[in-house]
Amino acid sequence: MSTGTTSPYAVTPGRVLRAEWFKLHSLRSSRVTAATAVFAVVAVALVMGGTYTSGGGDADIDPVVLVLQGTLLSQICLAVLGILVTAGEYATGAVRATLTAVPARLPVLWAKAAVFTATAFTLSFATALAAYPAAQLLLADTDMAGSLGDDGVVAAIAGNSAGVTLVALVALGLGALLRSVPGALGAFVGCVVILPEILGALPYEVMETALRYFPTQAAGALGSSTPLPGAASPGGALLALLLWAGGTLALAGVLLKRRDV
C-alpha cells in the first residue's frame, strides 16, 4: 500500500537539480573560474573609467559598451565553466555514477543547463550592476558620465548578461556533444570566436547579414543602451541566441540518449 510519500531513493527533478547545484558550487575549479570572470569585468571597467578622456575618439561608443568591455574576457571564462560542467564529468569518469543514478539521462542535461544558466546570469548581472556605477565614479567629469537610472542602461546590462549566459550555454552544449574538454574548447574558439571573423572577411552582403545572428555578434547587440549600427535588433539577437543554445542542447540530448557512456 502506498503511503503517499516519496521514497528517499526516488529520482525526482528537484533532486537532480539539487545534485547538479551541489556539484557546480562545490568544485574549486568552478569557484576559481567564476571569480576570474568577475575580476575581468570589474578590472576592465575600472581601467576604462580611469583612462578615458573626453574627445579622445571614443565619444561615439555607448557608455555601457565602453565600461563592460571586460565582458569579452568574462564570456570566455564562463564558456570554459560551461564546458567543465558537462565534458568535465567525462574527463573524470564521474558521469558513470551520475547516469547510473539517473538512468533516464536527459534530466541530468536539463538540470545542468538550468543550474548553469541561473548561476551564470545572476553572476554576470550582479557583477555588471556593481562595475558600471564604480566606473562611472571615474567618468563623472567626462562625456561618458551617467548612472544606472539613465534610459536603457539597466536593460542593456540585463541584455549583456543574457548574451554572455547564452553564449556560455552553447559552450556547455558543445561539452555535452564532444565529451572532451580540449575538444569542446577548440570547437568553441574555432567555431564561435574565430569562424565569424573569417567569414566576415568575405565580400558578400548576405554573409554580413547572417553574421549578425552568430552567437558572439548577437550577444554584442544585446549589451548596448543605444542601437548599434549594422547589428541585429535586440529581439532578433535574443531569438538567435536562444536558437543557438537550444539547438546545441537538443542535439546533445539526442546523442546522450543514443550513445554509450
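**Notes on an all-helix predicted model**

1. Going from the N terminus, the elements of the protein chain read α-α-α-α-α-α-α-α-α-α-α. That makes 11 helices and 0 strands, where helices (H or I, at least four residues) and strands (E, at least two) are DSSP runs numbered from the N terminus. The radius of gyration is 20 Å, close to the 18 Å that the globule rule gives for 261 residues, so the chain is as compact as a globular protein of that length. For the record, that radius is taken over C-alpha atoms, and the rule is 2.2 Å times the number of residues to the power 0.38.

2. Before going on, bear in mind that this is a predicted model, with local features needing pLDDT of at least 70 and side-chain atom pairs counting only at pLDDT 80 or more, while totals for chains, interfaces and linings use all residues. Residues are numbered from 1 along each chain as its sequence is written, and side-chain values use heavy atoms, leaving out hydrogens and water.

3. Now the overall dimensions. Along the principal axes, the C-alpha atoms fill a box of roughly 75 × 45 × 30 Å. Buried residues (under 20% relative accessible area; exposed is over 50%, partly exposed in between; 1.4 Å probe, protein chains only) make up 41% of the 261 residues. Of the contacts (heavy atoms within 4.5 Å) between residues at least 6 apart in sequence, 77% join residues at least 24 apart.

4. On to surface and charge. The accessible surface is about 13,100 Å², with 68% of that belonging to carbon and sulfur atoms; the areas come from the Shrake-Rupley method with a 1.4 Å probe, and for residues only the protein chains shown count as cover. The chain carries 13 positive and 13 negative side chains, and the centres of the two sets sit 29 Å apart. Here Lys and Arg count as positive and Asp and Glu as negative, with His and the chain ends not counted. Each charge is placed at NZ of Lys, CZ of Arg, CG of Asp or CD of Glu.

5. Have a look at Thr165 in helix α7 (residues 153–178). Thr165 is buried, at 3% relative accessible area. A polar atom of the Thr165 side chain lies 3.3 Å from the backbone nitrogen of Phe121. Leaving out neighbours within four places in sequence, Thr165 is in contact with Phe116, Thr117, Ala120 and Phe121.

6. Leu169 also belongs to helix α7, and at 8% relative accessibility Leu169 counts as buried. Setting aside neighbours within four places in sequence, the contacts of Leu169 are Ala113, Phe116, Thr117, Ala245 and Leu249. Leu169 and Ile83 are 86 residues apart in sequence, yet their C-alpha atoms are 8.7 Å apart.

7. Leu139 is in the loop between α6 (106–138) and α7. Loop or not, Leu139 is buried, with 1% relative accessibility. Not counting residues up to four places away, Leu139 touches Met48, Gly49, Tyr52, Val67, Met144 and Ala145. The C-alpha atoms of Leu139 and Pro63 are separated by 9.8 Å, with the two positions 76 residues apart along the chain.

8. Last one: Ser30, in helix α2 (residues 28–51). Ser30 is buried at 7% relative accessible area, and its side chain reaches the backbone oxygen of Leu24 at 2.9 Å. Beyond neighbours within four places in sequence, Ser30 is in contact with Leu24 and Leu81.

Terms used: Polar contact = N/O pair within 3.5 Å; in protein donor to acceptor, adjacent residues only side chain to side chain.
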